[in-house]
Amino acid sequence: MERMGTRSATELLQLPVRLHGIRLGQPVDVLLDPAEWRALGFVVLCGDESLRFLAFAAVTPRDDALELASAFLLLEDLGFYRERSRSLRTVLGGPVGEGGSELGELRDLLIGPDGSVEALVVEGGEGVRQVRPSGLTVGAAHVPTA
């Protein structure tokens with residue numbers, strides 16, 4: 001299986017989390033760095049119905065799954081990571097602005113293989129378009145240039 005290129009965050013949320021082909025859970029959210037446009041990891045609903053944190057750097061995103069090298073990479077202290085990040089689910093649908101003008105609503109993120117957000121998918125007066133994230137605000141949050 002090939003490693004992924006740039007993928008949409010909502011597509012990544014559709015992929016199961018697997019270890020050696022065994023399904024361990026399903027991502028339900030992407031946690032984002034609050035200071036730069038980068039995916040920190042996933043909130044994963046595991047087979048035992050618990051929610052755990054999975055660092056983006058700990059997975060190998062494939063076409064059909066988020067592959068793990070060890071089940072120990074699913075971390076139990078989800079609250080720690082939620083307190084230090086922004087949830088994709090909370091910013092989706094929020095207004096995207098640049099320099100005081102609104103570009104539209106956030107519909108998705110395009111995430112590179114290293115977790116960097118390469119583009120925001122914004123729906124506005126010009127239809128749906130991809131915009132570079134540098135200097136943009138989503139809702140009231142400003143994310144500086146990385």
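A residue is called buried under 20% relative accessible area, exposed over 50% and partly exposed in between, with a 1.4 Å probe and protein chains only. This is a predicted model, in which local features need pLDDT of at least 70 and side-chain atom pairs count only at pLDDT 80 or more, while totals for chains, interfaces and linings use all residues. Residues are numbered from 1 along each chain as its sequence is written, and side-chain values use heavy atoms, with hydrogens and water left out.

Start with the whole protein chain, where 45% of the 146 residues count as buried, and whose C-alpha atoms fill a box of roughly 45 × 30 × 25 Å along the principal axes.

Next, turn to the aromatic rings: those of Phe, Tyr and Trp (its six-membered ring) pair if their centres lie within 6.5 Å, with planes under 30 degrees apart counted as stacked, over 60 as edge-to-face and the rest as tilted. The count by this rule is three aromatic pairs. Select Phe-42 and Phe-56, a stacked pair with 5.7 Å from centre to centre and 25 degrees between the planes. Both Phe-42 and Phe-56 are buried.

Now select Phe-80 and Tyr-81, whose ring centres are 5.1 Å apart and whose planes stand at 85 degrees, so this pair is edge-to-face. Phe-80 is partly exposed at 34% relative accessible area, and Tyr-81 is also partly exposed, at 25%. Add Phe-53 to the selection, since ring pairs link Phe-53, Phe-80 and Tyr-81 into a cluster.

Finish at Trp-37, where the charged end of Arg-86 sits over the ring, 4.8 Å from its centre; the criterion is NZ of Lys or CZ of Arg within 6 Å of the ring centre and within 35 degrees of the ring normal.
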